[in-house]
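Me: I am new to this structure and would be grateful for a close look at its cysteines, followed by an account of their surroundings.
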Amino acid sequence: MTVQGLVDWRGRPVNPKWHGGVRAALFLHVLVVLVNAANIANLMNLVSYLHGTMHMGVASSSTAATNFIGAMCMFSLVGAFISDSYIKRFHTMLIFGPLEVLGYGLLAIQAHYRSLHPPQCDINKENNNCVQVHGFNFVLLNIGLYTVTFGEGCLRACIASLGGDQFDDDDTIEQRQKISFFNWFTFAISIGGFLGLIFVVWVENNKGWDIGFALCALLVFIGLIVTACGFPFYRNQIPAGSPLTQILQVFVAAYRKRNLSLTDYKESEEVANRNTPRMEVFARTTGFKFLDKATIDNGDKGGWSFCSTTQVEEIKIILRMLPLFISSTIGYLPFPLLMTFTVQQGGTMNTQLGKIHISPASLFVVPITFQMVTLVIYDRVIVPLLRKLTGYPGGITHLQRVGIGFFFAAVATAVAALVETKRKKVAIEHGLIDSSTGIPMSVFWLGLQFFFLGIIDVTSFVGLLEFFYSEASTGMKSIGTSIFFCIIGVAAWLSSFLINVVNKVTRNGEGKGWLDGANLNRSHLDRFYWLLSVIGLLSFLNYAYWANKYVSRYNPGIVTEDVKRSPKRETDTI
């Protein structure tokens with residue numbers, strides 16, 4: 001993609017010296033920091049709120065938390081569809097971002113008024129009379145949570161794509177800056193998470209959930225204001241029409257001409273190159289030949305009867321990425337489960353560091369700190385070194401980077417299983433099997449699995465984001481970004497489904513499965529972690545198979561002044 005076709009806020013062609021670049025991206029990084037200070041804190045601490053304040057059980061609170069993550073990611077499809085089809089990405093952010101502020105406001109109101117949540121009760125006691133949230137209060141809780149997810153989903157779909165639009169792939173310097181942008185984009189997420197897990201979590205646990213949620217609303221609001229201030233500097237992509245309509249047109253046109261032969265007709269170049277808002281023109285590639293019939297010019301040139309080669313090739317790009325989408329979703333499955341259950345493990349352990357009490361949710365500062373340090377070293381030291389060896393702008397390919405993360409996902413769950421076995425052993429030895437807190441084992445035993453979680457973020461998170469953004473066509477960049485977030489969302493929902501299936505299959509004579517009940521000591525989380533480790537290893541092998549077969553539509557080599565990016569080859573193996 002080049003700056004040609006991009007416009008400024010007034011709709012005029014952009015000036016590369018004034019619009020885009022690192023300066024424009026800085027405004028977006030501020031938004032990423034502030035939004036994630038709110039979101040990551042609540043993603044990690046939401047289980048504590050649902051379990052401790054709303055009196056939901058271990059399995060139900062974990063399921064609700066993973067559903068929250070899943071919905072936040074899946075709603076990014078809505079924002080992507082709107083920004084690619086009708087209004088600019090910047091405008092989409094300003095219109096739907098305030099919904100996230102509204103959602104946090106509703107949660108703050110519910111947490112403030114006692115009539116809107118269950119009476120106080122010690123949920124950690126084995127025999128308690130705690131009342132789980134229900135009725136109108138349950139509805140209000142979900143309205144608040146899913147209003148947050150909808151607003152955040154629309155923001156997620158647009159931030160990374162708008163940031164990528166600020167850099168020109170056909171310029172050597174900007175191409176490298178774009179690679180760094182995605183690394184620093186992840187770094188900004190980590191900074192936000194670091195601040196949120198220290199300050200926001202502390203406020204929620206010590207000053208009250210109402211003040212905590214109100215603080216989150218304020219952070220998101222400030223982030224949107226800062227982003228709006230950068231409007232004179234942004235390069236804006238003009239919406240190219242509904243991607244969904246274009247996808248359906250190809251399939252309908254191909255079906256109508258299913259009985260025609262490609263050798264009998266020649267595509268009309270005049271019609272194939274008709275004026276559209278697209279900025280990329282694709283040559284025909286092999287594979288999915290049944291779709292090529294949509295380009296046959298048999299005299300009927302309606303949108304649902306005839307499609308350009310470029311339009312067909314955009315659909316082929318999506319279909320070729322589908323195996324990687326599925327295998328990556330399964331590969332990401334252990335990640336949301338590790339996050340939610342690790343917080344519950346930490347809540348039963350000794351969380352004292354000297355005289356300081358550390359919230360279990362704040363333990364995620366460990367992987368985030370590691371992630372920030374690693375990202376800086378990776379971007380400033382490792383990438384330039386690997387770039388000289390491989391010729392790739394990012395040092396290694398996106399898919400290789402993702403594979404490293406999926407391998408460590410299997411390792412992380414195996415380590416978590418060993419730590420959980422140790423934790424339960426200590427609880428039994430001290431007669432605390434029926435106690436949900438106070439196990440004399442330092443919470444820093446969880447540090448190693450946090451360490452591996454950080455590796456997964458540095459590798460798979462950034463790699464998948466870059467891959468789906470770079471492979472998507474110009475008119476579907478937001479869709480490409482949202483596909484990445486859909487992987488996280490679907491993985492979160494699959495994890496909820498997996499919990500329910502495991503509980504159903506493993507229920508014994510007492511009617512309890514591995515993860516049933518409110519007492520983690522009575523569960524079999526260690527066995528569940530071992531199951532996740534096996535799933536993680538198998539999913540890594542499956543991903544490696546499809547990644548090895550995939551052929552990128554672009555040559556990943558470095559752009560020079562004499563050689564611009566060009567298609568790698570026309571043949572494909574998928």
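How many disulfides does a search of the whole structure find?

Reply: The search finds zero disulfides, the term being used for a pair of cysteine sulfur atoms within 2.5 Å. The model is a predicted one, in which local features need pLDDT of at least 70 and side-chain atom pairs count only at pLDDT 80 or more, while totals for chains, interfaces and linings use all residues. Residues are numbered from 1 along each chain as its sequence is written, and side-chain values use heavy atoms, without hydrogens or water.

C154 takes part in no disulfide, and its nearest cysteine sulfur, that of C158, lies 7.0 Å away. For C158, the closest cysteine sulfur is that of C154, and the 7.0 Å between them is too far for a bond. C154 is buried, since its relative accessibility is 1%; C158 is also buried, at 0%. Here buried means under 20% relative accessible area, exposed over 50%, and partly exposed in between (1.4 Å probe, protein chains only).

Burial extends well beyond these cysteines: buried residues make up 57% of the 574 residues in the protein chain. In soluble globular proteins, nonpolar side chains tend to be buried together. The largest nonpolar core holds 134 residues, among which Y49, Y104, Y332, F341 and F528 touch the most other members. Such a core is a set of buried Ala, Val, Leu, Ile, Met, Phe, Trp, Tyr and Cys residues joined through side-chain atoms within 4.5 Å. Helix 1, residues 21-52, contributes the most to it, with 18 residues. A second, separate core has eight residues, including V250, A254, L291 and C307.

N39 belongs to helix 1 and is buried, as its relative accessible area is 0%. Its side chain meets that of E152 in a polar contact of 2.9 Å. That term covers a pair of N or O atoms within 3.5 Å; within protein, one must be able to donate a hydrogen and the other to accept it, and residues adjacent in sequence count only if both atoms are side-chain atoms. Not counting residues up to four places away in sequence, N39 touches M72, E100, Y104, V148 and E152, where contact means heavy atoms within 4.5 Å.

T342 offers a second example, placed in helix 12, residues 334-347. T342 counts as buried because its relative accessibility is 0%, and its side chain reaches the backbone oxygen of L338 at 2.5 Å. Leaving aside neighbours within four places in sequence, T342 is in contact with L337, L446, Q449, F450 and Y529.

The protein chain comprises 17 helices and six strands, read as DSSP runs numbered from the N terminus (helices H or I, at least four residues; strands E, at least two). Its average pLDDT, the predictor's confidence in each residue from 0 to 100, is 83, and 90% of the residues score at least 70. Among the elements, helix 7 (residues 209-229) has the highest mean, 95, and helix 9 (residues 269-272) the lowest, 44. Over residues 268-278 the pLDDT is below 50, and beyond near neighbours in sequence this stretch has 18 contacts in the model.
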